[in-house]
Amino acid sequence: MLLVVTYSRRARETLRNACRSHEETVVRRFGRAALLRETEYGAFLACRLRERHAGNVQIERTEPFNEFADAPDTVREAASAYENRESPSTPYDRFAAGTDHPTSDAMREREL
């Protein structure tokens, strides 16, 4: 998908109009941003917005996140165990101490 983010009122208005006129290309709209289908027409709409509003439009390519394929088992298991902890006020690092779950510092440093 293509993520289009706008940074000015005029660009936001143009994005809103494009989304209304081309609903078949819009996956989802979030106020000043929209996800467009990754088609040539989606790229055309995004490039057109950029051409009209230059630096007030940011375009990024996104990829869906598949937790089973993209996140290590240790991360998914830690998330599941943490969400099912007995005491909901326990911070993660205290919860993970003395277990096989990764520390929050270790997870921050590792790329997916």
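**Exercise 1. Work out why Cys47 has no disulfide partner in this predicted model.**

Let's take it step by step.
- Start with the sulfur of Cys47: the closest cysteine sulfur belongs to Cys19 and lies 15 Å away, which is too far for a bond.
- Recall what we're after: a disulfide is a covalent bond between the sulfur atoms of two cysteines.
- Now bring in the cut-off: the two sulfur atoms would have to be within 2.5 Å.
- So the count for the structure comes out at 0 disulfides, given that cut-off.
- Check it from the other end: Cys19 is in no disulfide either, its nearest cysteine sulfur being that of Cys47.

**Exercise 2. Is Cys19 buried or exposed?**

- Look up its relative accessibility, which is 7%.
- Buried means under 20%, so Cys19 counts as buried.

**Exercise 3. Find the strand order of the sheet and say which strands stand at its edges.**

- Read across the open sheet: its 4 strands run β2-β3-β1-β4, with antiparallel pairing.
- Pick out β2 (26–30) and β4 (57–61): each has a single partner strand, so one side of each has no neighbour in the sheet.
- Zoom in on β4: β1 (residues 2–6) pairs with β4 over 5 bridges, and Thr6 has Val57 as its bridge partner there.
- Add the helix: α2 (residues 40–53) packs on the sheet and touches β1, β3 (33–36) and β4.

**Exercise 4. Which residues form the aromatic cluster, and what sits over the ring of Tyr82?**

- Ring pairs join Tyr82, Tyr92 and Phe95 into a cluster.
- Then look at Tyr82: the charged end of Arg85 sits over its ring, 3.7 Å from the centre.

Terms used:
Residues are numbered from 1 along each chain as its sequence is written. This is a predicted model: local features need pLDDT of at least 70, side-chain atom pairs count only at pLDDT 80 or more; totals for chains, interfaces and linings use all residues. Side-chain values use heavy atoms; hydrogens and water are left out. Rings of Phe, Tyr and Trp (its six-membered ring) pair if their centres lie within 6.5 Å; planes under 30 degrees apart count as stacked, over 60 as edge-to-face and the rest as tilted. A charge sits over a ring if NZ of Lys or CZ of Arg is within 6 Å of the ring centre and within 35 degrees of the ring normal. Buried means under 20% relative accessible area, exposed over 50%, partly exposed in between (1.4 Å probe, protein chains only). Two strands pair if DSSP finds at least two bridges between them. Helices (H or I, at least four residues) and strands (E, at least two) are DSSP runs, numbered from the N terminus. Contact means heavy atoms within 4.5 Å. Axes are lines fitted to C-alpha atoms, for helices over the stretch in contact, and angles run from 0 to 180 degrees between N-to-C directions.
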